[in-house]
Amino acid sequence: MSAAKKRIAVERIHKLFQLAQDMIHEDEELAQRYITIARKIAMAVRVHIPKEHRWKICRGCKKFILPGVNCRVRIQHRREPHRVITCGYCGKQMRFPIKEKTKRAYAKNSTQSEEKAKR
Amino acid sequence: MKVTPAIIYHEFLGLKAKVVRASNPSIIGISGEILDETRNTIVLFHEDNPKSRRRKTIVKKQAVFHLTLPDATVVEIDGKTIIGRPEERLKRRIRRLW
């Protein structure tokens, strides 16, 4: 598979996720179908689902999940700070680490705000 | 999305489409957003007549479509060239038709 086709495939995957997100409030089945197509494209062309979309597919039942619609999101600080996403269909829990970079940015922001408070 | 024969690799879902020519005269003129796509059909969201069924399934083989791309250019595509499942269209090689 050529690089040009892979680029088109990634574009299509982005578009399908956008469509699914818009459609899920009107017709859930159709939104799920868009995600199925996106996954099939990714598998056929052998590209990864882009990182920013990976948590929107349940690792158990491979369905489209979106916070506020069909999943729960918790933040846990134990051991390592991470997000726990619970699928509303199958109950599978997925864990994603909260990145070091964001933690550092948070610390930096908080020290800055403290300094501001001192002033 | 450039207008080249490679346009058949792109995503059609979400674009506006219109049936301009077809062997079945009753489906000519149906237009709307493309909702779904299977190997041989396209599902359009037809808004003209609120009384009738909104979702129209059109057989690709017998129709010629006018697709409106996101940058508002209109492309005429023969349904015969876009036969195939959405994920398999990417694998296919383009056959020149003209």
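Of the 98 residues in chain B, buried ones make up 17%. That is a handy way into this structure, which is a predicted model. Let us walk through chain B, then cross to chain A.

Chain B holds one helix and six strands. Reading from the N terminus, the elements follow the order β-β-β-β-β-β-α. If you look at contacts in chain B between residues at least 6 apart in sequence, 40% of them join residues at least 24 apart.

The six strands come together in an open sheet, and its order across chain B is β4-β3-β2-β1-β5-β6, with antiparallel pairing. At the edges sit β4 (55-59) and β6 (74-78) of chain B, each of which pairs on one side only. Ignoring direction, neighbouring strands of this sheet are turned by 40 degrees against each other on average. As general background, strands of a sheet pair through backbone hydrogen bonds, either parallel or antiparallel.

Now follow the pairing strand by strand. Strand β1 (residues 16-22) of chain B runs antiparallel to strand β2 (residues 31-37) of chain B, and three bridges join them. One place to look is K18(B), whose bridge partner in β2(B) is S31(B). On the next step, β2(B) is joined by five bridges to strand β3 (residues 41-46) of chain B, again in the antiparallel sense. Here I34(B) stands opposite L44(B) in β3(B). The link between β2(B) and β3(B) is a hairpin through three residues. From there, β3(B) pairs with β4(B) over five bridges, also antiparallel, and V43(B) stands opposite T57(B) in β4(B).

With the sheet in view, turn to where the chains meet. In this model, 12 residues of chain B are in contact with 15 residues of chain A. On the side of chain B that touches chain A, β2 and α1 (86-89) of chain B each supply at least two residues. The largest share, three residues, comes from α1(B). By type, the residues on this side of chain B divide into five nonpolar, two polar and five charged.

Across the interface, helix α2 (residues 28-45) of chain A deserves a closer look. Does its length fit its residue count, and what span should one expect for helix α2 of chain A? At 1.5 Å a residue, its 18 residues should span 26 Å, and the end C-alpha atoms are 26 Å apart, so the two values agree. Just after α2(A), R46(A) takes a positive phi of about 60 degrees.

Which residues of α2(A) are buried? They are A31(A), R33(A), Y34(A), I35(A), I37(A), A38(A), I41(A), A42(A) and V45(A). These buried residues pack against α1 (3-23) of chain A, together with β2 and α1 of chain B. In other words, the buried residues of α2(A) pack against elements of both chains.

Finally, consider the nonpolar core. The largest one has 26 residues, and those with the most contacts inside it are L16(A), A20(A), Y34(A), I35(A), A38(A) and I41(A). Three elements of chain A, namely α1, α2 and β2 (82-87), each supply at least two residues of this core. The largest share, eight residues, comes from α2(A).

Terms used:
Residues are numbered from 1 along each chain as its sequence is written. Chains are lettered from A and ligands numbered from 1 in the order in which they are written. This is a predicted model: local features need pLDDT of at least 70, side-chain atom pairs count only at pLDDT 80 or more; totals for chains, interfaces and linings use all residues. Two strands pair if DSSP finds at least two bridges between them. Helices (H or I, at least four residues) and strands (E, at least two) are DSSP runs, numbered from the N terminus. Axes are lines fitted to C-alpha atoms, for helices over the stretch in contact, and angles run from 0 to 180 degrees between N-to-C directions. Two residues are in contact if their C-beta atoms, placed from the backbone, lie within 7 Å. Ala, Val, Leu, Ile, Met, Phe, Trp, Tyr, Cys and Pro count as nonpolar, Asp, Glu, Lys and Arg as charged, and the others, Gly among them, as polar. The expected span of a helix is 1.5 Å times one less than its number of residues. A residue is buried if 20 or more other C-beta atoms lie within 10 Å of its own, exposed if 12 or fewer, and partly exposed in between; C-beta atoms are placed from the backbone. A nonpolar core is a set of buried Ala, Val, Leu, Ile, Met, Phe, Trp, Tyr and Cys residues joined through C-beta atoms within 7 Å.
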